[in-house]
Amino acid sequence: MLNSKIGGLGHYVPDKVVTNHDLEKIMDTTDEWIVERTGISERRYGKKHQETTSSMGAKAALLAIKNAGISKEDVDFIIFATLSPDYYFPGCGVLLQRELGITDSAIGALDIRNQCSGFIYGLSVADQYIKTGMYKNILLVGAEMHSMGLDYTTRGRNVTVIFGDGAGAAIIQPEENSQKGILNTFLHSDGTYAEKLIMVNPGAHGGYHNDKMEAPVDYGYPDAEYGEVFVTQKMLDDGLLSPHMEGQFVFKMAVVKFPEVILNGLSKAGLTAKDIDMLIPHQANLRISQFVQRKLGLRDEQIWNNIQRYGNTTAASVPIALSEAMESGMIKEGNIVCLAAFGSGFTWASATIRW
Ligand code: UT7
């Protein structure tokens with residue numbers, strides 16, 4: 001059976017830089033708090049009412065296509081990972097396809113909803129399709145336009161200061177050498193903690209969104225026998241249309257699951273942490289990445305961190321970081337590259353790659 005490999009990478013971040021000092025002006029936060037707790041100094045926001053998740057994804061995709069040395073007509077399948085899609089439905093996959101102008105071809109487009117680990121979940125799906133010989137050039141995109149859906153009041157500060165916009169893309173292709181390419185992927189999930197990092201509304205939960213499915217939460221839905229609305233005045237008034245996170249709980253899980261899933265992948269490939277040439281962690285919090293670095297005994301040049309400049313771009317963070325690391329020349333042929341992510345769901349995942 002063939003292996004699969006990442007044949008080309010690309011990323012795009014919008015021009016608009018939003019610093020911690022910019023956020024200090026609109027909510028009760030400080031540069032010191034944000035830097036100390038997260039490592040973030042600034043993030044990018046897409047151009048309001050012009051850029052979208054799929055349009056940023058398309059920019060990253062075109063670069064990945066170019067860097068893979070193929071043309072967009074060669075793409076035979078699209079996988080799009082995001083938690084901030086342009087529309088509730090249809091998903092961003094078809095919008096990206098339209099944006100790239102490859103709608104004539106008989107290709108499929110799949111949307112992945114695994115938040116921070118969406119790119120690695122997508123990579124795992126692509127890997128299987130390539131291995132079976134079904135597709136030859138899969139376009140995998142992770143993109144986010146968080147800035148449209150955050151709470152810019154002090155109420156939302158623990159989440160809002162973290163998130164940023166951007167997109168990353170990869171072309172997944174067959175690899176003839178069985179010792180190279182994607183050696184394995186590990187996928188995990190545990191829905192027990194779904195509400196620990198969540199955006200509840202708009203949704204079809206009807207108020208039943210707690211883990212025990214007890215009495216519904218009152219969202220001010222109209223009292224009608226048929227017909228419901230997704231968005232109520234109460235949701236708008238009470239700021240219930242943005243993400244919610246129990247930060248410390250998520251943090252404590254992340255620092256356990258990151259090393260675990262990385263070591264599982266390495267071990268399955270007959271490797272240890274000593275073999276890692278480059279670790280690309282999901283950029284959730286610089287403190288989490290530093291913890292993982294220490295736990296695995298990695299030197300600074302063996303881990304890629306860019307959260308300082310972009311914040312947490314969830315599904316886009318791994319491909320942006322990987323694309324940057326590649327561009328910088330830090331990844332060379334034969335290197336062992338590990339990708340790892342943990343986030344909402346909870347879902348977590350790793351990919352072990354010999355470049
Ligand atoms: O990407 C998906 C996975 N996500 C993660 O892995 C994120 C994991 N969690 C974290 O990164 C951290 O928990 C945060 C950075 C989100 C928060 O840091 P923390 O050290 O856990 O802070 P906390 O939530 O425990 O809040 C500590 C205090 C609170 O005030 P009191 O109750 O002690 O008076 C918060 O209200 O800090 C306050 N606070 C802020 N203060 C200034 C929360 N957000 C802010 C803020 N600026 N932006």
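These questions and replies cover three residues of a predicted model.

The model is predicted: local features need pLDDT of at least 70, side-chain atom pairs count only at pLDDT 80 or more, and totals for chains, interfaces and linings use all residues. Residues are numbered from 1 along each chain as its sequence is written, and side-chain values use heavy atoms, with hydrogens and water left out.

Me: Why is threonine 232 called buried?
Reply: Its relative accessible area is 4%. Buried means under 20%, exposed over 50%, partly exposed in between (1.4 Å probe, protein chains only). So threonine 232 counts as buried.

Me: What makes the link between threonine 232 and tyrosine 219 a polar contact?
Reply: The side chain of threonine 232 reaches the backbone oxygen of tyrosine 219 at 2.6 Å. A polar contact is a pair of N or O atoms within 3.5 Å; within protein, one must be able to donate a hydrogen and the other to accept it, and residues adjacent in sequence count only if both atoms are side-chain atoms.

Me: Why is proline 202 called partly exposed?
Reply: Proline 202 has a relative accessible area of 31%. That value lies between the two cut-offs, so proline 202 is partly exposed.

Me: Which residues does proline 202 touch, leaving out those up to four places away in sequence?
Reply: Tyr88, Phe230, Val231 and Leu241. Contact means heavy atoms within 4.5 Å. Proline 202 and tyrosine 88 are 114 residues apart in sequence, yet 8.9 Å apart in space, C-alpha to C-alpha.

Me: How do you know whether threonine 29 is buried or exposed?
Reply: Its relative accessibility is 11%. That is under the buried cut-off, so threonine 29 counts as buried.
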